[in-house]
Amino acid sequence: MKQIVAMDTENRRPIRWHIAVFLAPAVLIYTAIMIIPLFGTLQLSLFGTADNQQVFVGLDNFRTLLGDPRWSASFWNALWNNTWFFIIHMLVQNPVGILLAALLSHPRLRFAAFYRSAIFIPTILSFVIVGFTWKLILSPLWGVAPDLLGYVGLKHLFTPWLGKEEYALTTLGLISVWQFVGIPMMLIYAALLSIPEEILEAAECDGITGMAQFWKIQLPLILPAIGIISVLTFVGNFNAFDLIYSAQGALAGPNYATDILGTFLYRTFFGFQLQSGDPNMGATIASIMFFIILAGVCTYLFAVQTRLRRYQF
Amino acid sequence: MSQARSSTSRTVAAHAVLITYTVIALFPVLVIVMNSFKSRQGIFRAPLAPPTTETFDLVGYQTVLAQGNFPLYFQNSLIVTVVSLAIVLVFGAMAAFALAEYRFRGNTLMGLYLALGIMIPIRLGTVAILKLMVASGLVNTLTALILVYSAQGLPLAIFILTEFTRQISDDLKNAGRIDGLSEYTIFFRLVLPLLRPPMATVAVFTMIPIWNDLWFPLILAPAEDTKTVTLGAQIFLGQFVTNWNAVLAALSLAIVPVLILYLIFSRQLIRGITSGAVK
C-alpha cells in the first residue's frame, strides 16, 4: 500500500529537486576529491615523461616496476615486508583482541569499563607519538628496555631491535599491534554482547561452560565480526605509512629492512636524497596497492561473507 | 563447592590477564610523561623513577615553547579538524536523508557508489590529488586538507547515518508535510535534531584519523604556516632528536590534549562502536 502511494507521488511530481540538493554537496566533494583522483592515478600509471611531455606508454611502467632489476628488487622487498607486517597483525593483534574481548564480555566482571577505556588509549594516539615513544623506550641510549628486562633477569636478551635488520620490521609490527589492538577488541566485544543470553543459558543447561562454551558457541557466532576485522586489518596494513615514516624515516632503515609499499610510494613519488621524484612511477605503485586492496576486499565480499552464515536473533 | 572455587580462580586469572595488558598499554605513555618533568640527569640515571624534588625540571617544556611554533600548529589542526568535521556531518546527514527517505531511480546504486570509499583508502589517489591541488593553487593551504578530509570522512558518515535515518518515524515527517513544511524544513527542523546521537559517534570516528594524519599534511601542506600539530611534532622531534628533554616534553604535549578529549568522549566512542549491542 505504501509503495503505491510512493509511486503515485513520483508520477505527479516529475522532478523532485530537493533530492538532488540533499545529495549534491556530498556527491560532488566525494567525486571530485576521491573518485576522480583515484582514476586519475590509475591513468597516470599508463603514462611516461619524454621531453617534458606526458606520453602514453601502456603497461611499460608496470613492466619496469616488476621486471627492471633497479626497481623490482625494492618493489618485491616492500611487498614481502608488507605481507609480513600483515601476517604479524593477523597472528598477534587479532587473537589478542579476541582474548581481551572474551574476558571483558564476562557478565560479572568488575572494572570492565576501566580496562576497556585504558586498553583503547594507544589507538587514539597519533603514529608520530607512538613511533617516537617506542623509539625512545627501545633506545640503547636510554635504559628503560634493558632495565625492565633486568628485573626479570633477561637483560642479556636486549639488543637495539629497531636498529637491526633482522628484527626491525617485526618490532615495528608489534608496535603497530600495541597501538591497534583496541579495534578488534571493541568490535569482537560488541559482537559477543549481541549474542542473546538464551543461547548461552541453553548451552549451560547442556553442560557446555567455560572454554568449551567459547569455542563451540561464541566463536562460531562471532565469525562475521572476525571477517570484518580481518579485512580492516588488510586494508589498513597495505595502506600503512605513518608509523614506519615516524620511527625509521622515509628511507625505512636499516638498509630498507622496514620498507613497505607506503614508504616505497612516498620515496618514489617525492624523491629522496639524489633520486628525483617520479609521479608516473609513484602512480604505478599506487595502482598496484589499489589492486592489492581491491583483491583483498573482493575476496572478503565474495568468498568470506557469502559463506559465513548470518545469524538473525 | 568446587565450582565456586574454579569460578573464583577463573575471575582472578581474567583480572590478571587484563591488568597485565592494561599495564602494557599504559606503561610507555606513562614513562614518557613522567620523564618529561625531569632533568637530563634524572632521565638517564633512573628512567623508571617518578620525578623527585631533586630531578624535577621543566627545561624540556621551555625549549618546546621557545623553539617550536606549536600554538600556530595547534590552531591549524583545530581549524582543519573542525571545518572538515562540520562538512562531513552536515553534508553526510543530508545525503543520508536523501538515500533513506526518498525512493528514486538509482538509489541503491548511489548508496553503493558512496560506500565504495569506506574500503578504498583515499591515499591511493594522492598523485592525482596533488596534481589537482597544484592546478587549482591550493597547495599549502588549509583548504586543500579540509577538502581531502571531507571526502575521506563522508562515505562512512553517510553509511552510518543512513541506517539511523531509516529508523526515524514516518509519522513525524508526514505530520510536518501535512502542516505544509518544505522538505528542507523537515530535514533541518525535525530530522537533524533526532540524528544528534549517531552524529556524535560519527564525529569521534571522523575526528581521530584527521587529527592524527601525517600523510596529507606532509604532501599537501608542508609550509610553516599550514603545518598541523602532527606534522609539526614530527619535524620538531626529528630536529631535536638529541635533546631528550625537549623530545619528551613535545611528546607529552602532544599526548595530553588527545588524552583529555578521549576521557571526555570515551563513553560516546565506546557506545558508538558497540551500538545496538549493549543492552
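Let us start where the two chains meet: 66 residues of chain B are in contact with 64 residues of chain A. Keep in mind as you look around that this is a predicted model. On the chain B side of this meeting place, helix H1 (residues 2-35) gives the most, with eleven residues. Sorted by class, the side of chain B that touches chain A has 52 nonpolar, eleven polar and three charged residues.

Now step back and follow chain B from end to end. What kinds of element does chain B have? There are 13 helices and zero strands, so a walk along the sequence takes you from one helix to the next, in the pattern α-α-α-α-α-α-α-α-α-α-α-α-α. The radius of gyration of chain B is 24 Å, whereas the globule rule gives 19 Å for 279 residues; the value is well over the rule, so chain B is more spread out than a compact globule. If you draw a box along the principal axes, the C-alpha atoms of chain B fill roughly 75 × 75 × 35 Å.

What about the inside of chain B? Of its 279 residues, 43% count as buried. Among the contacts in chain B with a separation of 6 or more, 75% come from residues 24 or more positions apart.

The next stop is the largest nonpolar core, which has 158 residues. The residues with the most contacts inside this core come from both chains: A:Ala26, A:Ile188 and A:Met289, together with B:Ala95, B:Leu145, B:Val148 and B:Ala250. Helix H4 (residues 70-101) of chain B gives the most to this core, with 14 residues. To see one spot in detail, find B:Val148. Leaving aside neighbours within four places in sequence, B:Val148 is in contact with B:Ile122, B:Ile129, B:Phe216 and B:Leu220, and also with A:Ile33 from the other chain.

Let A:Ile33 lead you over to chain A. How is chain A divided? The domain assignment gives domain 1 (2-44) and domain 2 (61-307), and the C-alpha centres of these two domains lie 36 Å apart.

Chain A also has a hairpin to look for. Strand S1 (residues 47-50) and strand S2 (residues 53-56) of chain A run antiparallel and are joined by four bridges. Within this pairing, A:Phe47 stands opposite A:Phe56 in S2(A). The hairpin has two residues between the strands, and in it A:Asp51 takes a positive phi near 50 degrees.

Terms used. Residues numbered from 1 in each chain as written. Chains lettered and ligands numbered in written order. Predicted model: local features only at pLDDT ≥ 70, side-chain atom pairs only at ≥ 80, totals over all residues. Domains from an automatic or database assignment. Rg over C-alpha atoms; globule rule 2.2 N^0.38 Å. Buried ≥ 20, exposed ≤ 12 C-beta atoms within 10 Å, placed from the backbone. Contact = placed C-beta atoms within 7 Å. Core = buried A, V, L, I, M, F, W, Y, C linked by C-beta atoms within 7 Å. Nonpolar A, V, L, I, M, F, W, Y, C, P; charged D, E, K, R; others polar. Pairing = 2+ DSSP bridges.
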